Amino acid sequence: MSQAPALRVSGSARLPEAVLFDALDLELLPARWTCLLGPSGVGKSTILRFIAGLDTQAVFQGRITSDLGPNIPRNVAYMAQEDLLLPWASIRDNLALGARLRGEPIDQERLQRLLDRVGLSKLANRKPRTLSGGQRQRAALARTLMEDKPLVLLDEPFSALDARTRSDMQDLAFSLLKGRTVLLVTHDPGEAARLAHRIVVMSDQGLVEIDPPPGDAPRAVDDPDMLAAQGRLMSRLREGG
Amino acid sequence: MRLVAGFSAAVFALALWQATVMLTGVPRFILPGPALVAETWWTSRALIAGHAVVTATEILLGLLIGAGLGIAVALLLASSRGARVFLQPILVFSQTLPVFALAPILTLWLGYGLGSKVAMAVLIVFFPVASAFLDGLLRTPRGYLDLARTMQARPLAVLWHIRIPAALPALASGLRLSAVYAPIGAVIGEWVGASEGLGYLMLLANGRSKTDLMFAALFTLSILSIALFYAMKAATEPWSRQARDDA
């Protein structure tokens with residue numbers, strides 16, 4: 001894996017009949033978690049899709065720059081809200097998907113190591129339907145890590161999980177993604193307050209950076225500073241960013 | 001439970017049929033009773049079996065070639081937007097032609113043997129398979145394709161590892177439908193011109209007022225079709241289960 005990059009997105013996005021966002025300037029710091037919060041429909045996931053080079057309904061006018069050079073999508077790993085595990089393939093085959101799609105040899109040692117780290121070694125030959133929601137999301141995280149990319153884009157990956165599994169997944173993801181530049185799109189102020197090195201709230205008026213709570217991430221779920229920050233973030237979101 | 005219900009319904013229908021024949025005294029060359037049909041089926045079993053083998057061969061060959069062509073064309077159309085623009089209207093137009101009307105032409109071109117009957121079955125099987133599979137290939141969930149794109153996937157690898165497996169439930173539907181249609185194609189081909197097969201036997205029996213033999217041949221064709229449908233259903237069940245698991 002190449003060194004964790006910094007990344008900057010500056011520009012505007014237009015939908016066929018409206019402006020999605022204008023004069024946006026978002027910076028991701030190297031090897032840090034940036035959490036992007038905001039109401040639905042404001043364009044958070046669209047920014048993520050622009051960075052990943054995925055199709056969107058919006059047209060982006062601006063620049064996405066990084067010390068990775070011009071081909072940013074090649075250095076991106078992506079994890080969505082749905083686990084996107086192929087139902088016909090075993091967990092092991094799902095982890096090997098990227099290599100298969102590129103026609104590369106599968107690094108079996110790395111695959112096994114990742115299965116061990118997410119605690120799915122014993123379930124590696126099972127189909128996704130036989131796994132719980134948390135186990136499936138751990139498999140999706142392992143598949144994301146199999147890609148070994150310096151820039152990781154997470155689009156509300158834990159939002160469908162129950163509270164306990166979600167906090168477990170947050171800890172696991174934070175530990176496994178250490179040393180990578182991460183952009184986490186989330187609706188959950190608590191998640192941002194636990195994990196972020198930087199918190200950015202997006203609204204129709206643009207981006208506002210909020211100071212994260214003191215202390216190293218991931219912060220404890222009952223950390224008073226984290227809970228206070230979660231409350232402040234919630235109030236801010238209710239006021240419309 | 002379903003088996004018992006189906007069996008009871010069949011017994012009831014046969015009893016009703018037999019009672020109608022007995023009570024109305026309708027001549028046997030107009031409507032033979034099920035008891036007579038069963039008797040004829042048993043006494044003519046060697047004759048019927050010989051013709052059934054011919055029809056079954058036509059159906060299976062038609063199914064194999066028609067499904068193969070349907071799958072190949074669906075893959076071609078799914079892989080190339082140009083091919084879709086060019087070929088899809090032709091395919092749709094071809095379905096506006098009544099396939100039954102083509103039977104005499106196929107007999108003229110391919111003769112009275114196996115070829116024209118297999119060609120009829122192929123024509124009937126091809127479209128449901130091609131259409132269902134193409135639909136499946138073009139409806140790959142967007143999330144899978146996004147994931148593949150972030151993985152810098154090669155298009156052929158996406159087709160092989162994602163789009164085809166995701167389209168298998170749709171292909172299973174097309175194949176099950178084609179298993180029902182294939183016998184129709186073969187029998188129509190036999191009606192237009194043949195010297196063997198269950199369709200030929202039905203025409204022959206009808207011409208000689210051997211209505212009981214005609215019903216026995218029809219009954220055999222029906223068993224053949226049901227067996228084919230359930231065999232196809234069993235063969236494609238893992239693909240259909242995949243769709244249910246995914247839902």
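Reader: Which residues of β3(A) are buried on one side, and which on the other?

Author: In this predicted model, five of the five residues of β3(A) are buried, so the strand is largely enclosed by the rest of the structure. In a regular strand the side chains alternate between the two faces of the sheet. Both faces of β3(A) are covered, with A:Trp33, A:Cys35 and A:Leu37 on one side and, on the other, A:Thr34 and A:Leu36.

Reader: What is the strand order of the open sheet of six strands in chain A?

Author: Strands of a sheet pair through backbone hydrogen bonds, either parallel or antiparallel. In this open sheet the pairing is mixed, and the twist averages 20 degrees from one strand to the next. The order is β5-β6-β7-β3-β8-β9.

Reader: Which strands of chain A stand at the edges of the sheet?

Author: An edge strand here has a single partner strand, so one side of it is left without a neighbour in the sheet. The two that fit are β5 (76-79) and β9 (206-210) of chain A.

Reader: Which residue is the bridge partner of A:Leu37 in β7(A)?

Author: β3(A) and β7(A) run parallel and are joined by five bridges. In β7(A), A:Leu37 is partnered by A:Thr186.

Reader: Which residue of β8(A) stands opposite A:Thr34?

Author: The pairing of β3(A) with β8(A) is also parallel, over four bridges. Opposite A:Thr34 in β8(A) is A:Arg198.

Reader: Which residue of β6(A) stands opposite A:Ala77?

Author: β5(A) runs parallel to β6 (residues 151-155) of chain A, and four bridges join them. The residue of β6(A) opposite A:Ala77 is A:Val152.

Reader: At what angle does helix α1 of chain A run to β6(A)?

Author: Helix α1 (residues 44-52) of chain A lies across five strands, namely β3, β5, β6, β7 and β8 of chain A. Relative to β6(A), its angle is about 150 degrees.

Reader: What is the radius of gyration of chain A?

Author: Chain A has eight helices and nine strands, and its C-alpha trace spans about 50 × 40 × 35 Å along the principal axes. For 241 residues the globule rule gives 18 Å, and the chain's own value is close to that, so chain A is as compact as a globular protein of that length. The radius of gyration is 18 Å.

Reader: What share of the contacts in chain A with a separation of 6 or more comes from residues 24 or more positions apart?

Author: Buried residues make up 44% of the 241 residues in chain A. Among the contacts with a separation of 6 or more, the share from residues 24 or more positions apart is 71%.

Reader: Is A:Leu84 buried or exposed?

Author: Most residues other than glycine have a negative phi, and most peptide bonds are trans. A:Leu84, in the loop between β5 and α2 (91-95) of chain A, has a positive phi of about 55 degrees. A residue needs 20 or more C-beta neighbours within 10 Å to count as buried. With 21 of them, A:Leu84 is buried.

Reader: How does A:Ala31 count by its C-beta neighbours?

Author: A:Ala31 is in the loop between β2 (18-28) and β3 of chain A, and its phi is positive, near 55 degrees. It has 17 C-beta neighbours inside 10 Å, so A:Ala31 counts as partly exposed.

Reader: Which peptide bond in chain A is cis?

Author: Omega is near 0 degrees at the bond in question. Its proline, A:Pro218, lies in the loop between β9 and α8 (224-238) of chain A. The bond runs from A:Ala217 to A:Pro218.

Reader: Which residue of chain B is in contact with A:Gly98?

Author: A:Gly98 is found in helix α3 (residues 97-102) of chain A and is buried, with 23 other C-beta atoms within 10 Å. Leaving aside neighbours within four places in sequence, its contacts in chain A are A:Met146 and A:Glu147. The contact in chain B is B:Met151.

Reader: Which helix gives the most to the side of chain B that touches chain A?

Author: The contact takes 19 residues from chain B and 21 residues from chain A. On the chain B side, α7 (142-150), α8 (155-192) and α10 (211-246) each supply at least two residues. With seven residues, the helix that gives the most is α7(B).

Reader: How are α3(B) and α9(B) oriented to each other?

Author: The two helices pack with their axes 7 Å apart, at an angle of about 135 degrees. α3(B) and α9(B) are therefore oblique.

Terms used
Residues are numbered from 1 along each chain as its sequence is written. Chains are lettered from A and ligands numbered from 1 in the order in which they are written. This is a predicted model: local features need pLDDT of at least 70, side-chain atom pairs count only at pLDDT 80 or more; totals for chains, interfaces and linings use all residues. Two residues are in contact if their C-beta atoms, placed from the backbone, lie within 7 Å. Axes are lines fitted to C-alpha atoms, for helices over the stretch in contact, and angles run from 0 to 180 degrees between N-to-C directions. Angles under 35 degrees count as roughly parallel, over 145 as roughly antiparallel, 65 to 115 as roughly perpendicular and the rest as oblique. The radius of gyration is taken over C-alpha atoms; the globule rule is 2.2 Å times the number of residues to the power 0.38. A residue is buried if 20 or more other C-beta atoms lie within 10 Å of its own, exposed if 12 or fewer, and partly exposed in between; C-beta atoms are placed from the backbone. Two strands pair if DSSP finds at least two bridges between them.
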